[in-house]
Amino acid sequence: MQLLKRIIGFYINGSIHVALAVYALVRMTFHFFHIAYDEPMALFAFFGTIVGYNFVKYDELARAKKVTWSNQLRAIVGLSVVSFLATAYYFFHLERNTQLVAVGFLALTMLYTLPVFPKIGNARNWAGVKIYIVAFCWAGITLFLPIINADLPLSHDVWLKFCQRFLLVIILILIFEIIDLKNDDLSLQTVPQKLGVRKTKILNLFLLIPFYGLEFLKSDFQLVQLWINLVLVLTIALFTIFASPKRSDYYTSFWVESIPVFWWILVVFFG
């Protein structure tokens, strides 16, 4: 049992689970826009997410010298090094335009993590900004990069999907912020801190309406996708309703972060 707990801890704390969620969204982009499986693009996103998330999570602790070098952390560092090498390898197999856009997202990640402007800190600590940067990066990396790498135009449907992904990430982050309410510093001014848990849940449920409604505006509108998205919306609504600061961190770090994978599975089997 202890071994299983350590494996799950490594899987989550090493950002493998969140990387799988990003990978799932990239694969969905391939599916929706009829792109043949592009291994360099999919694995660049997967390994790049591990590197980026681990850098964001552990850089600040390392600079503050608050790191306790447990066996798990050493393993995570090893995973991050291997993932960095894999990210670099697949980066050089992407198209030139994709590489340029990917560098832009890398710069945004650095801005999010490092105190580029010493007087105001990093973007992660800018009140009210964090949620939009994360949503933009997720939507851009999982949608724009595969589209650009396939040399497809940024069509009407692409922008609709971008808005849908952007909303999805914001919705999921709000659930995270409800769970993290007990730990977040008040200076972050997260949505639950400003609105309270009840109003944040209402906001989240309201955001599910445009998320679902955008599907009707697609040029290749498909009835089956409406049913798939309805299942997804109901699932997210339940996670929102039952979210509470009293919940375990696994509620979000495992279950909520599984939602993109769950969506991908629904699309693969029923789409």
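Helices, which here are DSSP runs of at least four residues, are numbered from the N terminus, and the elements of this chain, followed from that end, run α-α-α-α-α-α-α-α-α-α-α-α. The model you have open is a predicted one, and its secondary structure comes to 12 helices and zero strands.

**The whole chain**

Begin with the chain in full view and colour it by burial, keeping in mind that 47% of its 271 residues count as buried. If you then switch on a surface, the chain exposes about 14200 Å², and carbon and sulfur atoms supply 70% of that area. Among the contacts in the chain with a separation of 6 or more, 73% are accounted for by residues 24 or more positions apart.

**The aromatic rings**

Next, select Phe, Tyr and Trp and show their side chains; the structure holds 18 aromatic pairs. Zoom in on Phe 30 and Tyr 37, whose ring centres are 6.1 Å apart and whose planes stand at 80 degrees, so this pair is edge-to-face. How buried or exposed are the two partners? Phe 30 has a relative accessibility of 4% and therefore counts as buried, whereas Tyr 37, with a relative accessible area of 42%, is partly exposed.

Move on to Phe 46 and Phe 47, where the ring centres lie 5.1 Å apart and the planes are at 80 degrees, so that this pair is edge-to-face as well. Phe 46 counts as buried, because its relative accessibility is 16% and the cut-off for buried is under 20%. Now widen the selection to Tyr 23, Phe 46, Phe 47, Tyr 89, Tyr 90 and Trp 264, which form one aromatic cluster.

**Charges over a ring**

Which lysines should you look for around Phe 32? Select Lys 161 first, and you will find its charged end over the ring of Phe 32, 3.8 Å from the ring centre. Then add Lys 218, which lies over the face of Phe 32 at 4.9 Å from the ring centre.

**The cysteines**

Finally, select the cysteines and show their sulfur atoms, asking how many disulfides there are. A disulfide would need a pair of cysteine sulfur atoms within 2.5 Å, and by this rule the count comes to zero. Two cysteines are worth selecting in turn: Cys 137 is buried, with a relative accessible area of 11%, while Cys 163, with a relative accessible area of 37%, is partly exposed.

Terms used
Residues are numbered from 1 along each chain as its sequence is written. Side-chain values use heavy atoms; hydrogens and water are left out. Rings of Phe, Tyr and Trp (its six-membered ring) pair if their centres lie within 6.5 Å; planes under 30 degrees apart count as stacked, over 60 as edge-to-face and the rest as tilted. Buried means under 20% relative accessible area, exposed over 50%, partly exposed in between (1.4 Å probe, protein chains only). A charge sits over a ring if NZ of Lys or CZ of Arg is within 6 Å of the ring centre and within 35 degrees of the ring normal. Helices (H or I, at least four residues) and strands (E, at least two) are DSSP runs, numbered from the N terminus. Contact means heavy atoms within 4.5 Å. Accessible areas come from the Shrake-Rupley method with a 1.4 Å probe; for residues, only the protein chains shown count as cover.
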